[in-house]
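Here is a short report for a reader who has not met this structure before. Look it over once, then read on.

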Amino acid sequence: MIFKENIIGYSMPSAKSQRNGPARPRARRLSPPERRTQLLACALRVFARRGLGEARHAEIAKEAGVSIATVFFYFPTRTDLVKAVLDEVERFYCAMAERIHERDLPAPQVLFDHAIAFSDSVDTHPDYARVWLDWSTAIRDEVWPRYLHFQGYVVKIVEKTIRRGQREGTLAAEVDPEDEAQLLFGSAHIIAQMKFTRQSPKRLKRFLQTVVRIATGGLPPDEVLSAGVVPSRPEVSLARLRKPAR
């Protein structure tokens, strides 16, 4: 195939080659918001495969079936592209934390539900998890301060729930809420690793129970797992897990 360079620096087929072979199908016409959403979804897939430091506009264009110029129109620089992808990953995990921790449920159950939701999301949204893992280890990159801000936001949400549980008597009073919230957030890396290495559901469940027990003083027995995490301290009964009336 004979190629000619066009004005923005990538190769286009010559007229002769177009006559001799089928032309690339035109991308389906979308509104600007729809196109941007499509390109962002494609960017997430490419970043998940290639990493924050390697993904490029050309690969996203190929993934979406559009011209490179189209990708540049919506994301003019690589910085804009990285920012858009990290914005979406941050939005996804912050929304998960906010949605779960605002529930009117006992604090131990909320913490365990959050762990389960994150674990499930590795299956349903694996690209988000891969980008998050890459982002969390980009210590020398300019995106690192932003990651710390994102982590701090989620940790504060978890810490608030732990403090509530201590006030209600459903979580151990002696644990440090900030330290335990950090521990729960940090365990997400192991959870993701276990999911990607296809560890058995039984082993993953045991790990989640162990993490919540260590972080909060609570152990979720099998018979009440679906209802939440029951503290292992004998002085805390099942009845006390019901949230007090306001």
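The text below goes from the whole chain to single helices, and ends with one residue.

## The chain as a whole

This is a predicted model. The chain has 246 residues, and 45% of them count as buried. It holds 10 helices and 2 strands. Along the sequence, the pattern is β-β-α-α-α-α-α-α-α-α-α-α. Take the contacts between residues at least 6 apart in sequence: 58% of these join residues at least 24 apart.

## Helix H2

H2 has 19 residues. From its first C-alpha to its last it reaches 26 Å, close to the 27 Å expected at 1.5 Å a residue. The residue that follows H2 is Gly 51. Its phi is positive, near 95°.

Which residues of H2 are buried? They are Arg 35, Leu 39, Leu 40, Cys 42, Ala 43, Leu 44, Val 46, Phe 47 and Ala 48. These buried residues pack against four named helices: H3 (57-64), H4 (68-74), H5 (78-101) and H7 (126-136).

## Two helix pairs

The table sets out two crossings.

| Helix pair | Axes come within | Crossing angle | Contact residues by class |
|---|---|---|---|
| H2 and H3 | 9 Å | roughly 120° | 7 nonpolar, 1 polar, 5 charged |
| H6 and H7 | 5 Å | roughly 110° | 5 nonpolar, 2 polar, 1 charged |

Start with H2 and H3. Their axes cross at roughly 120°. The angle makes H2 oblique to H3. H2 passes H3 in a right-handed crossing. On the H2 side, the contact is made by Gln 38, Leu 39, Cys 42, Ala 43, Arg 45, Val 46, Phe 47, Arg 49 and Arg 50. On the H3 side, Glu 59, Ile 60, Glu 63 and Ala 64 take part.

Now H6 (residues 107-124) and H7. Their axes cross at roughly 110°. That makes H6 roughly perpendicular to H7. From H6 come Phe 118, Ser 121, Val 122, Asp 123 and Thr 124. They meet Pro 126, Ala 129 and Trp 132 in H7.

## Helix H9

H9 covers residues 177-196. Why does its length agree with the expected span? At 1.5 Å a residue, its 20 residues should span 28 Å, and its end C-alpha atoms are 29 Å apart.

Many positions can be named as buried in H9. Among them are Pro 177, Glu 180, Ala 181, Leu 184, Phe 185 and Ser 187. Ala 188, Ile 191, Ala 192, Met 194 and Lys 195 are buried too. The buried residues of H9 pack against H6, H7, H8 (144-168) and H10 (201-216). H7 therefore appears here as a partner of H9, and it was also listed as a partner of H2.

## One residue up close: Ala 48

Ala 48 is found in helix H2, residues 32-50. Is Ala 48 buried or exposed? It is buried: its relative accessible area is 14%, and the cut-off for buried is under 20%.

What does Ala 48 touch, not counting residues up to four places away in sequence? Its contacts are Asp 127, Arg 130 and Val 131. Helix H7 spans 126-136. Leu 133 lies 85 residues from Ala 48 along the chain. Even so, the C-alpha atoms of Ala 48 and Leu 133 are separated by 9.4 Å.

Key. Residues are numbered from 1 along each chain as its sequence is written. This is a predicted model: local features need pLDDT of at least 70, side-chain atom pairs count only at pLDDT 80 or more; totals for chains, interfaces and linings use all residues. Side-chain values use heavy atoms; hydrogens and water are left out. Buried means under 20% relative accessible area, exposed over 50%, partly exposed in between (1.4 Å probe, protein chains only). Contact means heavy atoms within 4.5 Å. The expected span of a helix is 1.5 Å times one less than its number of residues. Axes are lines fitted to C-alpha atoms, for helices over the stretch in contact, and angles run from 0 to 180 degrees between N-to-C directions. Angles under 35 degrees count as roughly parallel, over 145 as roughly antiparallel, 65 to 115 as roughly perpendicular and the rest as oblique. A crossing is left-handed if the near helix is turned anticlockwise from the far one by less than a right angle, and right-handed if clockwise. Ala, Val, Leu, Ile, Met, Phe, Trp, Tyr, Cys and Pro count as nonpolar, Asp, Glu, Lys and Arg as charged, and the others, Gly among them, as polar.
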